[in-house]
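Hi! Here is the structure I promised to pass on. Have a look at it first, then read my notes underneath.

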Amino acid sequence: MGTENMANYPSLKGRPVLISGGATGIGEALVRGFAEQGAKVGFVDLAETEGKMLADELAAAGGTVAFRQCDVTDIEAYRKAIAEIEILHGPTLALVNNAANDTRHDWRDVTPDYYDARVAVNLRHSFFAIQAVAPGMIAAGGGSVVNFGSIGWMKASGGYPIYASSKAAVHGMTRSFARDLGKHGIRVNTLVPGWVMTKRQLDLWIDDAANAEIDNAQCLAGRVLPDDIARMALFLAADDSRMCTAQNFVVDGGWV
Ligand SMILES: NC(=O)c1ccc[n+]([C@@H]2O[C@H](COP(=O)([O-])OP(=O)(O)OC[C@H]3O[C@@H](n4cnc5c(N)ncnc54)[C@H](O)[C@@H]3O)[C@@H](O)[C@H]2O)c1
């Protein structure tokens, strides 16, 4: 993340942060951003090579970074990875539920097993990560959870009804947990990305038609980059956002 003219959050220094799906895409920008702030960064991902390379690079630069290869749809494996990271870094005080998979699906072809698998990668793990780290946050007197939503379902995008359902459910999960955990000083928010120019989006979807759609829909002329999303996550994890909870924070260049 380019640091020039960017905010520094003293409260993030030394703070144990857990990020799912941190090896590539927006997750990589999150890992880099929190490491730059001096946080203790734990992250999990399916992608072992990319995850290891990122952790090694940041550790060599002086960061406190731990990576565990893990499929977050395997809840027992995910719980084990979280426990291992917490042994190294201490109880998680900021959780960023970022991992997801937006693979397109035709509603005609969906089987019950496929349906469950999409929900598992786009919604279920976030609940169980909150369940795993909340006791430590409660004991510490507070914490911050950042769940990842999407503008996709808000703007009625087609082609991925189960992804859209799961992301809409994330917004509801945020609201309910914000109530239950707020009494313990834990804040729970949804970070809502617009169309973000990750490698996956550029490789799969960004063509002339997509660029025309973005130019037409966004109020701002630029492109939303992974770092733009990471910067909002830093704010939401830091004490600077201490009275923000149960909200959506949209970073989409003004998509209307
Ligand atoms: N890129 C966008 O335009 C956009 C738009 C709206 C919302 N979002 C949301 O932002 C978040 C990040 O999206 P992204 O674009 O960086 O996605 P991405 O597909 O580029 O990266 C996702 C990361 O999660 C990992 N991952 C996927 N399944 C996993 C699993 N089962 N276990 C562990 N790790 C797994 C992947 O290996 C990858 O590193 C997601 O929650 C996504 O829904 C992205």
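Below are the cores, a helix pair and one glycine.

A quick word on the basis: this is a predicted model, where local features need pLDDT of at least 70, side-chain atom pairs count only at pLDDT 80 or more, and totals for chains, interfaces and linings use all residues. Residues are numbered from 1 along each chain as its sequence is written, and side-chain values use heavy atoms, with hydrogens and water left out.

Start with the largest nonpolar core (buried Ala, Val, Leu, Ile, Met, Phe, Trp, Tyr and Cys residues joined through side-chain atoms within 4.5 Å; buried means under 20% relative accessible area, exposed over 50%, partly exposed in between, with a 1.4 Å probe and protein chains only). It has 35 residues, and Ile 19, Leu 30, Phe 34 and Phe 43 touch the most other members. There's also a second, separate core of 25 residues, including Ala 99 and Met 173.

Now the helices (DSSP runs of H or I, at least four residues, numbered from the N terminus). H3 (residues 75–89) packs against H4 (residues 112–140) at about 40°, with axes 10 Å apart (axes are lines fitted to C-alpha atoms over the stretch in contact, and angles run from 0 to 180 degrees between N-to-C directions). That makes H3 and H4 oblique to each other (under 35 degrees is roughly parallel, over 145 roughly antiparallel, 65 to 115 roughly perpendicular, the rest oblique).

Last, Gly 14: at 34% relative accessibility, Gly 14 is partly exposed. Leaving aside neighbours within four places in sequence, Gly 14 is in contact (heavy atoms within 4.5 Å) with Gly 38, Ala 39 and Lys 40.

How values were computed
Helix = DSSP H or I, 4+ residues; strand = E, 2+ residues; numbered from the N terminus.
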